[in-house]
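Hi,

Here is the structure I promised to pass on. Have a look at it first, and then read on for what turned up.

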Amino acid sequence: MKIFVILILIKLAFAGTQLPPFYHTTDEVEAEVKNILKNCQMKATQKKYGIIDSITLKPKLDHENKNKAFVIFGEHARELISVETGLHFLNQICHTPLDFKLKLIINMNPTSRRYVERGHYCLRENLNGVDLNRNYGFQWKFKENHFVQDSSGPEPFSEVETQTVRDILSSFKPRTFVTVHSGTLAILHPWAFKKEDVVFAHHHNLRGVKNECVDCLIGGAATQIGYTASGNSMDYAYGMAKVKRSYTLEIFEFEKQNQRKEPDSNFAEFLQHKEKVKSEISNKELFCFDYFNPRSEDQYNELVAKWSNIILQLIQS
């Protein structure tokens with residue numbers, strides 16, 4: 001872990017970039033969550049699991065709706081727009097309350113996000129060098145690749161972040177689970193560990209959002225994306241925690257949003273460019289920001305509103 005953190009610090013010395021002003025730092029996220037919850041029209045409580053803050057929202061009036069949903073944002077630190085969408089979604093449902101119980105984790109990878117906010121925009125894993133979305137105990141496979149940043153960790157649930165999600169899934173037993181990412185445009189369901197699609201018994205929610213994202217890939221994750229991913233949260237929720245509906249949302253794609261190609265072949269090749277010149281490293285970090293996050297404030301506002309509505313549709317019973 002120490003070596004991994006030292007490498008991050010060295011890279012940060014070369015990265016002189018700043019967040020656009022409409023993005024939130026981790027401290028600002030925490031403060032904004034508290035402000036939203038003060039005036040929330042649902043019963044709201046927060047609980048801390050180590051470094052992770054969870055939010056529980058319940059209707060203020062007695063109800064018969066047994067639906068429950070669990071939504072997480074920010075598993076990968078560089079996907080800043082995921083957490084921003086979580087903030088918008090929380091604010092939306094606190095002003096237009098739901099009639100069922102809901103749990104949220106707005107910032108799943110807060111320690112790494114702090115490094116991203118300081119200019120290390122390519123950081124995906126947590127500070128132990130673990131890809132949280134490869135660390136769940138369903139179809140887990142050991143992998144160590146810090147260059148691509150999809151290392152599984154030494155064993156399933158080695159990280160407090162994934163332990164938290166596991167424990168909430170076990171105790172809360174939601175009907176729907178959603179994890180929010182960026183890097184492409186997609187509404188995905190199991191499986192991700194193999195190229196085989198699950199057909200949910202009640203799929204009307206998914207059919208209903210197709211018009212909301214006409215450019216989105218929709219279907220089984222591995223089938224649509226073209227590669228398999230073992231030990232991910234979506235498959236764990238469906239395959240092990242027995243959640244009825246489980247989704248991965250990919251909410252931003254650089255090429256489709258900007259109508260132009262990546263500047264240096266594909267993203268994986270771009271990350272393998274090992275120039276040590278300060279300007280080259282800064283350019284790499286800036287490209288990582290643009291690859292996963294909108295830079296325009298108008299685009300940002302449109303995106304967080306659109307995907308908050310899609311999440312809302314998917315978690316309805």
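**Disulfides and a helix crossing**

Cys213 and Cys216 are both buried. The two are joined by a disulfide, with the sulfurs 1.9 Å apart. The torsion about that S-S bond is 75°, and the link is right-handed. Please bear in mind that this is a predicted model.

That pair is not alone: the structure has three disulfides. As you know, a disulfide is a covalent bond between the sulfur atoms of two cysteines.

Next on the list is the bond between Cys122 and Cys288, where S to S is 1.9 Å. Its torsion about the S-S bond is 90°, which goes with a right-handed link. Cys122 sits in the loop between α4 (110-117) and α5 (160-172), while Cys288 belongs to helix α11 (residues 278-292), so this disulfide ties together parts that are 166 residues apart in sequence. Cys122 and Cys288 are both buried.

Then there is Cys40, bonded to Cys94 with an S to S distance of 2.1 Å. Which hand does this one have? The disulfide of Cys40 and Cys94 is left-handed, because the torsion about its S-S bond is about -85°. Cys40 comes from the loop between α2 (26-38) and β1 (43-49) and Cys94 from helix α3, so the bond ties together parts that are 54 residues apart in sequence. Cys40 is buried, as is Cys94.

If you number the bonded cysteines in sequence order, the pairing reads 1-2, 3-6, 4-5.

Now for the helices. Helix α3 (residues 80-95) meets helix α12 (residues 297-315): their axes come within 9 Å and cross at roughly 65°. The crossing of α3 and α12 is right-handed. On the α3 side, the contact is made by Ile81, Glu84, Thr85, His88, Phe89, Gln92 and Ile93. From α12, the residues taking part include Tyr300, Leu303, Val304, Trp307, Asn309, Ile311 and Ile315. What kinds of residue make up the contact of α3 with α12? They divide into 11 nonpolar, five polar and one charged.

If you want one place to start looking, try α3: this helix holds Cys94, one end of a disulfide, and also crosses α12.

Cheers

Note on methods:
Residues numbered from 1 in each chain as written. Predicted model: local features only at pLDDT ≥ 70, side-chain atom pairs only at ≥ 80, totals over all residues. Heavy atoms only, no water. Axes fitted to C-alpha atoms, helices over the stretch in contact; angles between N-to-C directions. Helix = DSSP H or I, 4+ residues; strand = E, 2+ residues; numbered from the N terminus. Left-handed = near helix turned anticlockwise from the far one by under 90°. Contact = heavy atoms within 4.5 Å. Nonpolar A, V, L, I, M, F, W, Y, C, P; charged D, E, K, R; others polar. Disulfide = S-S within 2.5 Å. Buried < 20%, exposed > 50% of the residue type's maximum accessible area, 1.4 Å probe, protein only.
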